[in-house]
Amino acid sequence: YEGDPEDYFILHEDGAFLVKDEDDEIMWAKVSTYQMEPSNDCLDDFPCPYLHLHRDGVLVLNFIDEDREWETKNFKHTLFDLGWYDE
């Protein structure tokens, strides 16, 4: 996706990654390959799921899976392209 400076991204609570434009229209979206649910049991300051950039440049997705286990995955391996996403 090649966007505009006004575009912004959203990591949805189900792990979907969306890019929206200044009018809140979805411009690009992919869903997660992992089952997850929102949780406040991650870190003191961050609910799950959330993104974390490691010092080596790897972006990871942290989440609680359907078995209530902590998971951390390389973000580029967590998305599945459906070509659309309904909020």
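Select Gly57 to begin: in the hairpin of strand 5 and strand 6, which has five residues between the strands, Gly57 takes a positive phi near 90°. The model is a predicted one, in which local features need pLDDT of at least 70 and side-chain atom pairs count only at pLDDT 80 or more, while totals for chains, interfaces and linings use all residues. Residues are numbered from 1 along each chain as its sequence is written, and side-chain values use heavy atoms, with hydrogens and water left out.

**The hairpin and the strands**

Keep the hairpin in view and colour its two strands, strand 5 (50-53) and strand 6 (59-65). Strand 5 and strand 6 pair in the antiparallel sense over four bridges, where pairing requires that DSSP finds at least two bridges between two strands. If you now select Leu53, you can look across to Leu59 in strand 6, which stands opposite.

Next, show the whole protein as a cartoon, and follow the chain along its sequence through the pattern β-β-β-β-β-β-β-β. The secondary structure comes to zero helices and eight strands; here helices (H or I, at least four residues) and strands (E, at least two) are DSSP runs, numbered from the N terminus.

**The nonpolar core**

Which residues make up the largest nonpolar core? Select Leu11, Phe17, Val19, Met36, Leu61, Phe63 and Phe75, the seven residues that form this core. A nonpolar core is a set of buried Ala, Val, Leu, Ile, Met, Phe, Trp, Tyr and Cys residues joined through side-chain atoms within 4.5 Å. Buried means under 20% relative accessible area, exposed means over 50%, and partly exposed lies in between (1.4 Å probe, protein chains only). Strand 2 (17-20) and strand 6 each supply at least two residues of the core.

Stay with one core residue, Met36, and display what surrounds it: leaving aside neighbours within four places in sequence, Met36 is in contact (heavy atoms within 4.5 Å) with Glu13, Asp14, Gly15, Pro49, Leu61, Phe63 and Ile64.

Pro49, one of those contacts of Met36, deserves a selection of its own together with Cys48, since the peptide bond from Cys48 to Pro49 is cis, with omega near -5°. The place of Pro49 is in the loop between strand 4 and strand 5.

**The salt bridges**

Now select Arg68 and Glu37, whose side chains meet in a salt bridge at 3.2 Å, N to O. Because Arg68 lies in the loop between strand 6 and strand 7 (70-74) while Glu37 belongs to strand 4 (residues 36-37), the pair ties together parts that are 31 residues apart in sequence. A salt bridge is a side-chain nitrogen of Lys or Arg within 4 Å of a carboxyl oxygen of Asp or Glu, and by this rule the count comes to two. Arg68 is partly exposed at 42% relative accessibility, and Glu37 is partly exposed too, with a relative accessible area of 34%. Before leaving Arg68, look at its backbone, which has a positive phi of about 65° although Arg68 is not a glycine.

For the other pair, select Lys73 and Glu71, whose side chains meet in a salt bridge at 3.5 Å, N to O. Lys73 counts as partly exposed, at 25% relative accessibility.

**The loop between strand 2 and strand 3**

Move to the loop between strand 2 and strand 3 (26-32), and select Glu22 there. Is Glu22 buried or exposed? Glu22 is exposed, with a relative accessible area of 57%. Not counting residues up to four places away in sequence, Glu22 touches Glu6 and Asp7. If you draw a line from Glu22 to Asp4, C-alpha to C-alpha, the two are 9.1 Å apart in space and 18 residues apart in sequence.

Asp24 is found in the loop between strand 2 and strand 3 as well. Its phi is near 65°, a positive value in a residue other than glycine, and Asp24 is partly exposed, with a relative accessible area of 45%.

**The surface**

Finally, switch on the surface and select Leu43, Phe46 and Trp70, which make a nonpolar surface patch of about 300 Å². Patches are made of residues with over 30% relative accessible area and no salt bridge, where like charges are joined within 9 Å and nonpolar side chains (Val, Leu, Ile, Met, Phe, Trp, Tyr) within 5 Å. Phe46 lies in the loop between strand 4 and strand 5 and counts as partly exposed at 45% relative accessibility.

Technical notes. Accessible areas come from the Shrake-Rupley method with a 1.4 Å probe; for residues, only the protein chains shown count as cover.
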